[in-house]
Amino acid sequence: MKSKSPINVRLGDILNLKRGHDLTHSEMVFGPFKVIGSSGIIGIHNSYRGLKPCITVGRSGTVGKVQIHNEFCWPHNTTLYVDDFKDNNPFYLYYLLRNYDLANHRGGSAVPTLNRNHLHPLRIHFHSDYIAQNKIANILSSFDDKIEVNNK
């Protein structure tokens, strides 16, 4: 039975992160799918990997930056991406990830990187009730929409 109050869970219990896929600029073939790097869109390609929506987390470069694209895309190897939402609202998971300082969990000395194996055990507060997830995601999404309109 799902609880309406937030519960404390491991991040890996509510989603699965996977390392993005290698793709050089010379390998990109013109097509309809965005190639998402750690700092944003870095190209387009004729095929995609992963789910829709596509949630990515900067793995190297812009470490910890969380992005969502409501379309199929190619998560580049500079990102981690969610390949299993585990029956949760993807937009709720996006806002949940944005709320945590994921960059604080990076490793490496010369080139900081984010390892999914360091993120999956993180304990977080999580609403397991899907109706609550929808409400939270809708409210936060409407705020983001208003901010975008104001910025224009």
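Reader: Starting at lysine 152, is that residue buried or exposed?
Author: Lysine 152 counts as exposed, because its relative accessibility is 79% and the cut-off for exposed is over 50%. Keep in mind that this is a predicted model.

Reader: What does lysine 152 form a salt bridge with?
Author: Its partner is glutamate 148, and the closest N and O atoms of the two are 3.7 Å apart. Glutamate 148 itself is partly exposed, at 45% relative accessibility.

Reader: Why can two such side chains pair at all?
Author: Side chains of opposite charge can pair when their charged atoms come close.

Reader: How many salt bridges does the structure hold?
Author: Five. One of them joins the side chains of arginine 19 and aspartate 22, at 3.9 Å from N to O. Aspartate 22 is exposed, with 52% relative accessibility, whereas arginine 19 is partly exposed at 40%.

Reader: And what does aspartate 144 form a salt bridge with?
Author: Aspartate 144 pairs with arginine 98, and their closest N and O atoms lie 3.3 Å apart. This pair links distant parts of the chain: aspartate 144 is in helix H4 and arginine 98 in helix H2 (residues 90-98), 46 residues apart.

Reader: How accessible are aspartate 144 and arginine 98?
Author: Aspartate 144 has 23% relative accessibility and counts as partly exposed. Arginine 98 is also in that class, at 42%.

Reader: Which residues does aspartate 144 touch, leaving out those up to four places away in sequence?
Author: Tyr95 and Arg98. As for something farther off, the C-alpha atoms of aspartate 144 and leucine 11 are separated by 24 Å, with their positions 133 residues apart along the chain.

Reader: Changing topic: where is glutamine 133 found?
Author: Glutamine 133 is in helix H4, which covers residues 130-151.

Reader: Buried or exposed, that glutamine 133?
Author: Buried, because its relative accessibility is 0% and buried means under 20%.

Reader: What does the side chain of glutamine 133 reach?
Author: The backbone nitrogen of asparagine 89, at 2.7 Å. Setting aside neighbours within four places in sequence, glutamine 133 is in contact with Asn88, Asn89, Tyr92, Phe126, His127 and Ser128.

Reader: Let me step back. How many helices and strands are there in the protein?
Author: Four helices and nine strands. Along the sequence, the pattern is β-α-β-β-β-β-β-β-β-α-α-β-α.

Reader: What order do the four strands of the antiparallel sheet take?
Author: The order is E2-E8-E5-E6, and the sheet is open. Strand E2 (16-19) and strand E6 (66-69) are at the edges with a single partner strand each, so one side of each has no neighbour in the sheet. Neighbouring strands here are turned by 35° against each other on average, direction ignored.

Reader: How many bridges pair strand E5 with E6?
Author: Four, in the antiparallel sense, with E5 spanning residues 54-58. In one of these pairings, threonine 56 has glutamine 67 in E6 as its bridge partner.

Reader: Which strands does H2 lie across?
Author: H2 lies across E5, E6 and strand E8 (79-84), and runs at about 160° to E6. This is the helix that holds arginine 98.

Reader: And what about the sheet of three strands, what is its order?
Author: Its strands go E4-E3-E7, in an open sheet with mixed pairing. The edges are strand E4 (40-45) and strand E7 (73-75), each pairing on one side only. From one strand to the next, the twist averages 30°.

Reader: Do E3 and E7 run parallel or antiparallel?
Author: They run parallel, and three bridges join E7 to strand E3 (residues 33-37). Valine 35 stands opposite tryptophan 74 in E7.

Reader: Last topic, the overall dimensions. What is the radius of gyration?
Author: It is 16 Å, which agrees with the value near 15 Å for a compact globule of 152 residues. The C-alpha atoms fill a box of roughly 50 × 40 × 30 Å along the principal axes.

Reader: What share of the residues is buried?
Author: Buried residues make up 43% of the 152. On contacts, among those between residues at least 6 apart in sequence, 67% join residues at least 24 apart.

Key: Residues are numbered from 1 along each chain as its sequence is written. This is a predicted model: local features need pLDDT of at least 70, side-chain atom pairs count only at pLDDT 80 or more; totals for chains, interfaces and linings use all residues. Side-chain values use heavy atoms; hydrogens and water are left out. Two strands pair if DSSP finds at least two bridges between them. Helices (H or I, at least four residues) and strands (E, at least two) are DSSP runs, numbered from the N terminus. Axes are lines fitted to C-alpha atoms, for helices over the stretch in contact, and angles run from 0 to 180 degrees between N-to-C directions. Buried means under 20% relative accessible area, exposed over 50%, partly exposed in between (1.4 Å probe, protein chains only). A polar contact is a pair of N or O atoms within 3.5 Å; within protein, one must be able to donate a hydrogen and the other to accept it, and residues adjacent in sequence count only if both atoms are side-chain atoms. Contact means heavy atoms within 4.5 Å. A salt bridge is a side-chain nitrogen of Lys or Arg within 4 Å of a carboxyl oxygen of Asp or Glu. The radius of gyration is taken over C-alpha atoms; the globule rule is 2.2 Å times the number of residues to the power 0.38.
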